[in-house]
Amino acid sequence: MRIMRVTCPQSNHLGGLPIRVLRTAKKYLYALGSAIYMFTLGMRHTRERMHVYQIADWHGYPSPVPTCTVPEVEADEISDPTTAIELRHPIGVDGNVPLAQLVVMMRLIRTHDPQGIFEIGTFDGRTTLNMAANAGSDARIVTLDLPAGQIQDAALPTDVGDSAYSEKAASGARFKGSPLASKITQVFGDSATFDFGPHAGQMDLVFIDGSHSYEYVLSDTENARKLLRNGKGWILWDDYGIWEGVTRALNELHGTNPDYADMLHVKGTPLALIQFC
Ligand SMILES: C[S@@+](CC[C@H](N)C(=O)[O-])C[C@H]1O[C@@H](n2cnc3c(N)ncnc32)[C@H](O)[C@@H]1O
């Protein structure tokens, strides 16, 4: 590899102003532009909203997202760090799960070898593709997505931020054309009204990542239970501690429903999970 030589400027003044001051001013201007974006167009993106919440939190405003009350667990406690996994499309976009979460999920899939996997919320199919890459050769993945333009007709209340992810260009674009697509069945509909019947009792792992409202998370969880084979297997939820509705629903399930007493929150990620044995 060729290493470029960098020549340091002789003078640390430019037109009478110290370069340090100019650099700081440039950075402040950049931050100002970013803040204007964050408070306007950026509000459509979770990451930008999270920054706004962080600013409000920093200045003492109570966060709209409830405090997580599900017990935390280290990723390495629930998945062996030496598990070899395949990572497809490591670079995500807003709407995909964080890389650390993807790694934990793929470790779980490699370790527990679920034959039936159901995902609620396909989006661009990055997680679907990775699940297909790490599941056994006979495993089948079904992924459900709400077609673009239908969020306003959803049967249950949605979160105002849901629309940004519903208007994706092509649902499942990341697995289209991949040889792994033969393991994936793509289905469309609203998870509140979708007929899960044909898939009931056939899944070993369900990943819930559709609408982020409290009502949808509870409804999707109820459906996920019906999908599990003999009532056994894993339910995974994305966005715990990130979205108000998801966090409130999971806090409530864990705190009030004995069925969910063993729910765990994977430390450093927005992943919550439970294994029904
Ligand atoms: C955050 S994205 C999912 C990200 C994806 N699971 C991943 O890991 O990359 C949420 C997806 O759920 C879909 N969705 C929202 N409401 C839904 C509903 N009621 N039924 C089914 N899918 C829904 C959205 O259209 C969007 O594609």
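## A predicted chain with an eight-stranded sheet

Phe-123 sits in the loop between β4 and α5. The model is predicted, and this loop residue makes a good way in. Phe-123 is buried, because 23 other C-beta atoms lie within 10 Å and 20 are enough to count as buried. Its phi is positive, about 60°, although Phe-123 is not a glycine. Most residues other than glycine have a negative phi.

**Around the ligand**

Phe-123 also belongs to the surroundings of the ligand, where Gly-121, Phe-123, Thr-127, Leu-146 and Ser-211 are the closest of 24 residues. What kinds of residue make up the shell around the ligand? By class there are nine nonpolar, nine polar and six charged residues. Three elements, α5 (126–134), β5 (140–145) and α6 (162–166), each supply at least two residues of this shell. The largest share, three residues, comes from α6.

Between β5 and α6 runs a loop that holds Pro-147. Pro-147 is exposed, because 12 other C-beta atoms lie within 10 Å and exposed residues have 12 or fewer. The C-alpha atom of Pro-147 is 25 Å from that of Ala-133, and the two residues are 14 apart along the chain.

**The whole chain**

The chain has eight helices and 10 strands. Its C-alpha trace spans about 75 × 50 × 40 Å along the principal axes. Of the 277 residues, 36% are buried. Contacts with a separation of 6 or more were also sorted by distance along the chain: 76% of them join residues 24 or more positions apart.

**The sheet**

Eight strands form an open sheet with mixed pairing. Their order is β3-β9-β10-β8-β7-β4-β5-β6. Which strands stand at the edges? They are β3 (72–73) and β6 (184–188), each with a single partner strand, so one side of each has no neighbour in the sheet.

Three of the pairings are set out here.

| Strand pair | Sense | Bridges | Opposite residues |
|---|---|---|---|
| β4 (116–120) and β7 (205–208) | parallel | four | Ile-120 and Ile-208 |
| β7 and β8 (233–237) | parallel | four | Ile-208 and Trp-237 |
| β8 and β10 (272–276) | antiparallel | five | Trp-234 and Gln-275 |

Ile-208 appears twice in the table. Ile-208 stands opposite Ile-120, and its bridge partner in β8 is Trp-237.

Look at where the residues of β7 point. Leu-205 and Phe-207 face one way, while Val-206 and Ile-208 face the other. All four are buried. In a regular strand the side chains alternate between the two faces of the sheet.

**The nonpolar core**

In soluble globular proteins, nonpolar side chains tend to be buried together. Here the largest nonpolar core has 49 residues. Val-206, Ile-208, Ile-235, Leu-236 and Leu-250 have the most contacts inside this core. Helix α4 (residues 99–112) gives the most to the core, with seven residues.

Which residues does Val-206 touch, leaving aside its neighbours within four places in sequence? Val-206 is in contact with Phe-118, Ala-224, Leu-227, Leu-228 and Ile-235.

**Two helices**

Helix α1 (residues 19–39) has 21 residues. From its first C-alpha to its last, α1 reaches 30 Å, close to the 30 Å expected at 1.5 Å a residue. Are the residues of α1 covered or hardly covered? The helix is hardly covered, and its count of buried residues is zero.

Now turn to α4. This helix has 14 residues and reaches 20 Å from first C-alpha to last, close to the 20 Å expected at 1.5 Å a residue. Its buried residues include Leu-102, Val-103, Met-105, Met-106 and Ile-109. Gln-101 and Arg-107 are buried in α4 too. The cover over the buried residues of α4 includes α3, α5, β7, β8 and β9 (264–266).

**Two more positive phi values**

Asp-113 follows α4 and has a positive phi, near 50°. His-89 has a phi near 50° as well, a positive value in a residue other than glycine. Where does His-89 lie? Its place is the loop between α3 (75–78) and α4. His-89 counts as partly exposed because 18 C-beta neighbours lie inside 10 Å. Phe-123, with its positive phi of about 60°, is buried.

Key:
Residues numbered from 1 in each chain as written. Predicted model: local features only at pLDDT ≥ 70, side-chain atom pairs only at ≥ 80, totals over all residues. Near = placed C-beta within 6 Å. Nonpolar A, V, L, I, M, F, W, Y, C, P; charged D, E, K, R; others polar. Contact = placed C-beta atoms within 7 Å. Expected span 1.5 Å × (residues − 1). Core = buried A, V, L, I, M, F, W, Y, C linked by C-beta atoms within 7 Å. Pairing = 2+ DSSP bridges.
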